[in-house]
Amino acid sequence: MTPAPGRWSPGVVLPRLPGLTAGLLLFGLGIALMARGGLGLGPWEVFHQGISRLTGLELGTVSILVGIPVLAAWWPLGERPGAGTILNIMLIGTATNV
């Protein structure tokens, strides 16, 4: 019996990568447009925006910097991140800044 492919194996990650990347970039763009337009943000982004205003850092940078310790907090709980989780933190924050 062949073992199931791991969550990081190229056969699992590569076919989904283009759609995932496009979706995350669009999501980051949407956050940036809502923040710039004063349309309101979701609770997590309001948290990021508050830290951004207090520190002077860009909204996307705060999103990345907050996402890293949140991701690290999963580790003791036995949760391991997949490629999508890592890309989520990096691409949404980067797209929000751009």
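In what pattern do the elements of the protein follow one another along the sequence? Read from start to end, the protein runs α-α-α-α-α, with 5 helices and 0 strands in total. Helices here are DSSP runs of H or I with at least four residues, strands are runs of E with at least two, and both are numbered from the N terminus. The model is a predicted one, so local features are taken at pLDDT of at least 70 and side-chain atom pairs at pLDDT 80 or more, while totals for chains, interfaces and linings use all residues. Residue numbers start from 1 along each chain as its sequence is written, and side-chain values rest on heavy atoms, with hydrogens and water left out.

As for overall dimensions, the C-alpha trace spans about 55 × 30 × 20 Å along its principal axes. The protein has 98 residues, of which 27% count as buried; that label means under 20% relative accessible area, against over 50% for exposed and in between for partly exposed (1.4 Å probe, protein chains only). The accessible surface comes to about 6600 Å², and 71% of that surface belongs to carbon and sulfur atoms. These areas come from the Shrake-Rupley method with a 1.4 Å probe, and for residues only the protein chains shown count as cover. Turning to contacts (heavy atoms within 4.5 Å), among those between residues at least 6 apart in sequence, 55% join residues at least 24 apart.

On to the inside. The largest nonpolar core consists of 6 residues, namely Leu24, Ile31, Leu41, Leu59, Leu91 and Ile92. Two elements, α2 (17-37) and α5 (83-97), give two or more residues to this core. A core of this kind is a set of buried Ala, Val, Leu, Ile, Met, Phe, Trp, Tyr and Cys residues joined through side-chain atoms within 4.5 Å. One of the core members, leucine 91, touches Thr21, Leu24 and Leu25 once its neighbours within four places in sequence are set aside.

Helix α3 (residues 43-55) offers some buried positions too. Histidine 48 sits in this helix and is buried, its relative accessible area being just 1%. Beyond its neighbours within four places in sequence, histidine 48 makes contact with Leu59, Val62, Ser63 and Val66. Serine 52 is also in helix α3 and counts as buried at 12% relative accessibility. With the same neighbours-within-four exclusion, its contacts are Leu57, Glu58, Leu59 and Val62. Leu59 and Val62 thus turn up in the contacts of histidine 48 and again in those of serine 52.

What about aromatic side chains? Rings of Phe, Tyr and Trp (its six-membered ring) pair if their centres lie within 6.5 Å, with planes under 30 degrees apart called stacked, over 60 edge-to-face and the rest tilted. By this rule there is 1 aromatic pair. Tryptophan 44 and phenylalanine 47 make it up, in a tilted arrangement with 5.5 Å centre to centre and 35° between the planes. The two residues are 3 apart in helix α3, so about one helical turn separates them. Both are partly accessible: tryptophan 44 counts as partly exposed at 48% relative accessibility, and phenylalanine 47 as partly exposed at 41%.

Both residues also belong to a nonpolar surface patch of about 390 Å², made by Trp44, Phe47, Val70 and Trp74. Helices α3 and α4 (59-74) each supply at least two residues of this patch. Patches take residues with over 30% relative accessible area and no salt bridge, joining like charges within 9 Å and nonpolar side chains (Val, Leu, Ile, Met, Phe, Trp, Tyr) within 5 Å. A salt bridge, for this purpose, is a side-chain nitrogen of Lys or Arg within 4 Å of a carboxyl oxygen of Asp or Glu.

A few positions remain, in the loops and in helix α1. Leucine 39, in the loop between α2 and α3, is exposed at 68% relative accessibility. Its C-alpha lies 30 Å from that of leucine 17, with the two positions 22 residues apart in sequence terms. Glycine 82 is placed in the loop between α4 and α5, yet is buried with a relative accessible area of 9%. Glycine 82 and leucine 65 are 17 residues apart along the chain, and 18 Å separates their C-alpha atoms. Valine 12, in helix α1 (residues 10-13), is partly exposed at 26% relative accessibility. Valine 12 and alanine 83 are 71 residues apart in sequence, and their C-alpha atoms are 9.7 Å apart in space.
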